[in-house]
Amino acid sequence: MTPRCAKRTQLRLRLISCVCFALGAAAISAAQTAAPTRKEDVVKLEKFVVTGSVLPTAAGESFSPVTVFSYSEMMRMGAPTPIEAVRLLPDLTGTIATEQRTNGGTGAAGVNLRGLGGSLTLFDGMRTAAFDNFNVIPAIAIDRIEIVKDGAGSVYGSDALSGVFNTIMVSRFEGVRTDAYYGNTTKNDAGVQRYGLLAGQTFGKTNLVFATEYYRRNALYSSDRAPSADADQRFRGGVNGGSPTFSGRATARVGSATAPVQDLVLAPGKTVGRSAADFVAFNPSVATSDQMLNFRQYTPSIPADERHSFYGRINQRLWGDRVEAHARLIYSNDRFYSGLAPSPMPTTGTAGTALRNAERLSPQIPTGLFLGSATDNASSPGSVIVGTVPFRTIALGPRQQVYTRHCWDIVTGLHGKLGGDWSWNLDFTYGDFYRDQLQQGAPGRTKLVAHILDGSYNPWALDTAKGVGPTGIAFDNPAALFDSAAKGNTHVRGTNRGGDFNVNGSLCALPAGEVRLGAGVDYYRTDSSSTPEPIFFSGDLLGLNGSNPDISRGFGGGVFSELEVPLFSPAMRVQHMHSLKLKLECRYDRQRAEGYQNGASGADIGQTFTAHNPKLGLHWQPTANLLVRGTWSTGFRLPSLGSLFAAVGTSNPSLIDPLGFPIPNQTQITTRGNPNLSPEKSKTYSVGCVYSPAAVSGLSVAVDYYFGEISGLVGEGAQYILNLNAAGQGPGFVRGNPATLNPAAPFASIITRAPATGSVQTIASTNFNISSRLTTGVDVGVTYAWPWRACGRLSTRLDWNTALRWDLTPVPGMPSQRFLGLYIDTSQNAISPGSIPRHKGYLVQAWEQGAWRVQLCGTYVGKLRDNPAYTQGNVIRWIEPYATLGVDVSYEFRDGAGWRRALRGLTVRVGANNVTDVDAPFSAGAFNDGYDVTTHSNRGRFVYTQLTKKF
């Protein structure tokens, strides 16, 4: 970073810090001079079913820490989508699916609580085939999102290891509401549009709700922002992360067939290689080379997205108020336009061998270059690979990946009342997810090989060049590439069906109150299939990952119960026992997963899993103003069907060889499922308090300490395989000498290396139960409603997380690794959790007077230590703290005569996020974008306006 940029960033951070400090100081000052509670401020809290329990509970009386985000709160954050507001929560850290990711992203957005990778997402309290992806949910139909911040496997079974995110839709509505939202950045066009309609009406015993929404986002390109514009980041302390694969490169012997193999590149100003004199030595050093390709000039940083969605619900009362039937339908059609740099041609694997052999026979070989025989170009033991021409098809433009989703979710059910306070619920659900993944912008191997053999494509010229080669044969590289262009589609289908039944009510009476019981049973079945077109499993589509068909299914269910026992109540007047309640939960699950040994062929195999998971809860009020709460629970997560049964495919990750041998910039590996995986298991507990002092009316302070551990985490293990292989080499290994590699070291049989150089050529990777994760930390939440009313209502909210520990044990029995405060791109290390900042939080200050509302929101993410493998000289550098300030101003037209009457019910909102236009902090270890896409944003200042009209 330049001194000027550093100074500007420091000034911005100081400004935002001063604003946040001033807001907090004002809140504390107000708290010290607060007036006593006024009668009109006391509101009786109604009981309702909170996520994580089937027992109706008043807000604030939950045993577990619960955060509730309403639709209006999300809109006041100025977020174009709900996930962008939810992502501000300080508890969300680590790697998650995000719509900001282009390389490896599908447009889906998920959540990850405390970086443990064990968060269950529900839709109206039920599992769904597709709507766990927050980016396909129509925002206008959301009532609220509830987040339970500890394990809930005792109620929901698999997946609820560390928390639950439950999106609750509008179930009843009267009238009409329309929304129109537009926002854009203040530099370059990255506009967002969202238009929605919500309507509802009651007809006697029938209530109907309908909603529709359209959303569109323009792409933001890597070249539009400083952190992502250039892969060469040496001026910032990073390395030249550009690609060594581009047109004009060659690996050959020069002068004779017995000369040493050299790495070559066309000399400056040359577009065609006609002889060895047209080439110079290629410098592959990321510290000194100026010859790398800046692939980011072709890629989007935040891809374009477009969505249409519909929501409908009918509620029908039966037999008075004792039984009600309901049916709900939601549909979403989403199209996500991802993009990658122009296609690099493989140099390893079957496709790489086919290209090398074609290049060896090409009539365009420059004079003086020797590519060797077929034996020299093979990858058999004892051979030397020469003749590689690692070119890239820039003339075809960027590779395109278009993900088109069709998502359905249907729920029907009944709920009603029994005698006394007993109630029951019966629901059935069916969800369908269909995705087309179109990949194009890459050449087909068969046609390209033919063009190389007949000389119409010249691998020793720029791929944009045309002319005559050294033997007088004409070539036209752009024409040959366009003729070779291929595309393929992968059809992914998933269905989810099931149902649940639960009852709850008072079991018996104790002196302190009613003993309440909740119990239920549920059943779900999931079917999954992936059907790529033949071009993928034939390996004919170059520069894109290969895959094979696979089919799998899972089904099972569980039985669960909750028992809440009151031991003391306020009426008993026992000192330090204003209230004391205990809760016991337990669940038994039996699940089975079935698939095929090799995706869609071979033997039909399966595995049955059973689990018992308890949860204990304490809810103790020593006084009316102090609540002490705590929970302890276990949980489990079944391996996904893809992890168990995925067919053989290929991938091209960037790997690091701990043994120090040269390794391709992107190594082609094979991947497949592992039917022998075990479930992941978790243990969580939390203890905390909520204090609402009587002397400071309107103030509430919540502090919770948490512990979470998940063992047996499933992950793809290419880097893991290399790490363990290196650790098991033994004392006989000599660094730099491939002849000393230990053939008995772990995983040696599935790592293919070039015998002469030791370079990794491919890895037969699979999924493993490879690691365990453990974290501890403290959550702090402060809310304060200021007592001053003369100038309007003021309220302050602070949410903060401080992680105390985040450790990963890569293999049972090995020492744990500390990841707290580190940034490691998971594309470089599959078992890395991503970023776990030590501190993360936000502070909201709101003012409301009559029809006006103003809100300031300051966000903060603490500094991270960069990955030294990608810094100049491997020195330690820090990724700067990331602080932003947002402002939202709204006015609601309420009364008026004449023309103002037509404006009644209209709310006008304007605002800006990242007001000071802070760039995403540069991350040297971020291979694709130069910044951490799961923790920071590359969008910059974003201004918006929203019109909401109620009829």
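This briefing covers sheets, strand pairs, one helix pair and three loop residues in the structure above. The model is predicted. One open sheet has 4 strands with mixed pairing, and another has 4 strands with antiparallel pairing. Helices H6 and H7 come within 8 Å of each other, axis to axis. Strands S23 to S27 are described pair by pair, beginning with S23 and S24, which are joined in the antiparallel sense over 15 bridges.

**The mixed sheet**

- The strand order in this open sheet is S3-S5-S6-S4, and the pairing is mixed.
- Strand S3 (66-70) and strand S4 (119-123) each have a single partner strand, so each of these edge strands has one side without a neighbour in the sheet.
- From one strand to the next, the twist averages 15°.
- S3 pairs with strand S5 (residues 142-148) through 5 bridges, in the antiparallel sense.
- Within that pair, Thr-67 lies opposite Ile-147 of S5.

**The antiparallel sheet**

- Here the order is S13-S12-S11-S17, again in an open sheet of 4 strands.
- Strand S13 (279-281) and strand S17 (369-370) are the edge strands, and each pairs on one side only.
- Strand S12 (residues 261-266) runs antiparallel to S13, and 3 bridges join them.
- Leu-266 is placed opposite Phe-279 of S13.

**Strands S23 to S27**

- Strand S23 (residues 513-532) and strand S24 (residues 550-568) are antiparallel, with 15 bridges between them.
- Opposite Ser-530 stands Asp-550 of S24.
- S24 is also joined to strand S25 (residues 579-598) by 15 bridges, in an antiparallel arrangement.
- Phe-555 has Arg-592 of S25 as its bridge partner.
- S25 and strand S26 (residues 601-623) run antiparallel and are joined by 19 bridges.
- Leu-582 is bridged to Leu-618 of S26.
- The hairpin of S25 and S26 has 2 residues between the strands, and Gly-599 in this hairpin has a positive phi near 75°.
- S26 pairs in turn with strand S27 (residues 626-637), antiparallel and over 7 bridges.
- A hairpin through 2 residues connects S26 to S27.
- Thr-623 stands opposite Leu-626 of S27.

**Helices H6 and H7**

- Two packed helices are described by the angle between their axes and the distance between those axes.
- For helix H6 (residues 349-360) and helix H7 (residues 445-454), the axes come within 8 Å and cross at roughly 20°.
- Angles under 35 degrees count as roughly parallel, and H6 and H7 are therefore roughly parallel to each other.
- The crossing of H6 past H7 is right-handed.
- On the H6 side, the contact is made by Thr-350, Ala-351, Ala-354, Leu-355, Ala-358 and Glu-359.
- On the H7 side, the contact is made by Arg-445, Leu-448, Val-449, Ile-452 and Leu-453.
- The residues of this contact comprise 8 nonpolar, 1 polar and 2 charged.

**Loop residue Ala-97**

- Ala-97 lies in the loop between helix H3 (82-86) and S4.
- With a relative accessible area of 42%, Ala-97 is partly exposed.
- Apart from neighbours within four places in sequence, Ala-97 contacts Ala-108, Ala-109 and Gly-110.
- Ala-97 and Asn-283 are 186 residues apart in sequence, and their C-alpha atoms are 36 Å apart in space.

**Loop residue Asp-159**

- Asp-159 sits in the loop between helix H4 (153-156) and strand S6 (163-169).
- Its phi is near 90°, a positive value in a residue other than glycine.
- Asp-159 is partly exposed, at a relative accessible area of 21%.
- Buried would mean under 20% relative accessible area.

**Loop residue Asn-914**

- Asn-914 is in the loop between strand S42 (906-913) and strand S43 (942-950).
- The phi of Asn-914 is near 55°, which is positive in a residue other than glycine.
- At 6% relative accessibility, Asn-914 counts as buried.
- Leaving out neighbours within four places in sequence, the contacts of Asn-914 are Tyr-882, Thr-884, Leu-885, Gly-886, Gly-940 and Arg-941.

Definitions and conventions: Residues numbered from 1 in each chain as written. Predicted model: local features only at pLDDT ≥ 70, side-chain atom pairs only at ≥ 80, totals over all residues. Heavy atoms only, no water. Pairing = 2+ DSSP bridges. Axes fitted to C-alpha atoms, helices over the stretch in contact; angles between N-to-C directions. Parallel < 35°, antiparallel > 145°, perpendicular 65-115°, else oblique. Left-handed = near helix turned anticlockwise from the far one by under 90°. Contact = heavy atoms within 4.5 Å. Nonpolar A, V, L, I, M, F, W, Y, C, P; charged D, E, K, R; others polar. Buried < 20%, exposed > 50% of the residue type's maximum accessible area, 1.4 Å probe, protein only.
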